[in-house]
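Here's a quick briefing to read alongside the model. It covers salt bridges, a helix pair and one residue in a strand.

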Amino acid sequence: MLQKSFEGEIYINHSRSLTSNRVKITAVTALALILTACPLISTGSAAAQASPVSAISQATDDVNAQAPIQYRIQARLDEKKMTIQGNESITYRNTSKDTLNQLVLHTYADANLSKSTQTSMFTRSNEEISKNNPDKKPEDFLGGIDIEKVATGGQALDFSNKNQALTVKLEQPLQPGKSVSVQVHFNLKIPYGSQRLSYYKDIINGAHWFPVMSVYNEAKHEWDSKPYSQTFETDYYTSADYEVQFNVPDQYQVMMPGALTTQDDVEKGRKVVSTVAKNTREFVFFASPNFKVDSVTRNGLTVEYYYFDNQPGKKKIVDGYIDQAFKAIDFFSDKYGKYPYPEFRIVESYVEGVAIEYSRAIQMGQIGINAAPEQDTVFVHEIAHQWFHALIGNDSETESFLDEGFADFSKVYFAEKLGDKLNGFKSIQFDDSTVDKAIASTNDEVGDLASPVYYDKGRQAIYQLYRSVGEEKFDAFMKEYFKRYVYQNATIDGFLQTIEDVLGEEARKEMKTALYEPNFVLKPEYQLSKEEKAAYLHDQFQLLYESALTQVPNLPFETMSRVMDKTLQGEPLAIVLSDQVSKSANKQQEGMVNQLTTLLDLSGVKYDVIRDRSKLKQKMKKELATSNLIIIGNAKSNGFVQALKPSIMDRATRIGFQWKTIMNQPSAAGAYIIKHPYNQNRLMLHYFWNEDHLSGGSLESFMMKMQESIGFTNAYYQYYVLDKTGKVALDKKVENPLSKFFAEE
């Protein structure tokens, strides 16, 4: 999961679920010191075609082999009450050497019985939904599953459903190699809002909607009965065969994995949507009366996108995503092992900040009007989860590295080979930070560091293996790993054993050290040089600003953030300070210059700082006429402002900034941006105060607002005025749709 992002990543969210609601720029970790929030924007473009698919395993043939578990489910949706009534028949074959006296099934839907047990991942979204829907009560955001009866052969069985685990006592012990069939009758209440299982507006998200078999641990002689994680993921399943019949209203479009068929007019106003999905790790559905489906078939694979046709030109963007999905599937099929299913489905939903993978399907957020499929690295991350989660399973509660680390490495591998240098291997090589947690940590051990540990450090460890053995041997290893664990659940021990068998003991030893010792960092020879880092940061910042600004159609030219964007594109920049000022004012101005130039230096931007009037006069009509300008200080003591005051006043009036009035307010301070008085293609940004210097109480607020105003994660300001306490008294801005992803918790 990924909390969907733009990785520049503007990501915004990871994994099967990207993770918290924060946004990050993977490579630009130092940015947090400069901007008020950390990263979000996919960058780069695909410049080459992926390699053709090669048949490297028996996966396609094996998909039709009978799995150890078969589900037959008949379900009926009550769209008015938002409930599902279901009858489920499960045939379970005991593949262990133990004799089993009971079966255990997960009832993850019961995570919605209380707010305290729901995942925290969607807390912010639900708070916003609650504010916008005051008629909804707290209990409407809750749900759960009621187990009415469990039976075998018509004989009722004793059961208990506690703490998201349904325990069924068998009448007869189940011997190794033998099978038993049980029937479960249940009623499900779907919670309102944003959850993996929820309904909101015109869509139902259907994960965890029926009791599913847990995994039996033969070594520990026990069933996995953990409740679903409140902070990350607890996805650990056995691949199974599904036959599902879902009774829904006629107008509903239903997405499920497998071969879909529809029987209309089963009763007035209703139909039955059926599917058969063999060897599928987890089974989800999405349903909406307003879904439109775009479907493309190439070389025996059909990719479908379920989306809301709610804006002009959206189908073209959807087609772009479908094309990108084919590229990614072909690439991973060639590198790892062939995607064995005849279909792959993508669903648009209202879930914000989180992209989630399931078997044979992924869930994405709303498609923006300016979306660029070829730059959406989160999309590729979720597709990679088809190999590392869906086809090769693992216990994501205890060994999340095996799916998140590989999915994140895979998106980078894909970007590298398609010519996207910003999101390719340099994004891994740039990071020389350390995290005091082992990559092989469990979710409990890693706490709130899942993203830097599993994703960032996990992909680095895999990249180091790739570099140490070379691409040819690495690809051969990955194909063997896939062959051993397709439709199975892998472990880190099994992963290391495969490394030893294919690449040797030394490779295993190095990987084990990388995974189990804290503070992993790439070997120096695999990191970027100082010069390479500087160039990479410049390119990252350039694309981050460009991508962020394009999120707002018709954004005014006079936008403070645009000064950074223009200079990153190569336009000249000059910083002009007020002169003939007091020592206090001069000290404050120099502090502001240091703050600005720290960001500019980090970004690789060239600039000129002008501190005295003689130099200003020399450059006024030549260099400064073609430069973007940042003016600092009291207007009365700034030579540039005084020389061009009539033009500045006129251009300020055009954006609604009453220059003369505000500049005469005794304690006012703030900033405004206008077109350059000499050059309408350049900008002039003035950070001003009207006293001799800023008071100590307002200086910190002024500096913070200064750094915020030229960032790409907050509102886009044209002007703002602060009072003597440093609070905003007046402003004009355009809301940045990305800013909510950067908001502090």
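A salt bridge here is a side-chain nitrogen of Lys or Arg within 4 Å of a carboxyl oxygen of Asp or Glu. By that rule, Glu 500 and Arg 508 form one, with their closest N and O atoms 3.1 Å apart. Keep in mind that this is a predicted model.

**Salt bridges**

- Glu 500, the acidic partner of Arg 508, is partly exposed, at 26% relative accessibility.
- Lys 335, Lys 417, Glu 471 and Asp 475 are tied into one network by salt bridges that share partners.
- Searching the whole structure turns up 40 salt bridges.

**Two pairs in helix 3**

- Helix 3 covers residues 314–335 and holds both Lys 315 and Asp 319, which sit four residues apart, about one turn of the helix.
- The side chains of Lys 315 and Asp 319 meet in a salt bridge at 3.0 Å, N to O.
- Lys 315 is partly exposed, with a relative accessible area of 41%, and Asp 319 is also partly exposed, at 29%.
- Asp 323 and Lys 327 lie in helix 3 too, again four residues apart, or about one turn of the helix.
- In the salt bridge between Lys 327 and Asp 323, the closest N and O atoms are 3.7 Å apart.
- Lys 327 has a relative accessible area of 15%, so it counts as buried, the cut-off being under 20%.
- Its partner Asp 323 comes out as partly exposed, at 25%.

**Helix 8 against helix 9**

- Helix 8 (residues 450–469) and helix 9 (residues 471–485) have axes that come within 6 Å and cross at roughly 125°.
- That angle makes helix 8 oblique to helix 9, because it falls outside the ranges for parallel (under 35 degrees), perpendicular (65 to 115) and antiparallel (over 145).
- On the helix 8 side, the contact is made by Ile 462, Leu 465, Tyr 466 and Val 469, while helix 9 brings Glu 471, Lys 473, Phe 474 and Phe 477.
- Sorted by type, the residues of this contact are six nonpolar, two charged and no polar.

**Leu 166**

- Leu 166 belongs to strand 9, which spans residues 165–174.
- With a relative accessible area of 0%, Leu 166 is buried.
- Leaving aside residues up to four places away in sequence, Leu 166 touches a set of residues that includes Leu 103, Val 104, Leu 105, Ile 147, Phe 159, Val 184 and Pro 211.
- Gln 311 is 145 residues from Leu 166 along the chain, and their C-alpha atoms are separated by 44 Å.

Conventions
Residues numbered from 1 in each chain as written. Predicted model: local features only at pLDDT ≥ 70, side-chain atom pairs only at ≥ 80, totals over all residues. Heavy atoms only, no water. Axes fitted to C-alpha atoms, helices over the stretch in contact; angles between N-to-C directions. Contact = heavy atoms within 4.5 Å. Nonpolar A, V, L, I, M, F, W, Y, C, P; charged D, E, K, R; others polar. Buried < 20%, exposed > 50% of the residue type's maximum accessible area, 1.4 Å probe, protein only.
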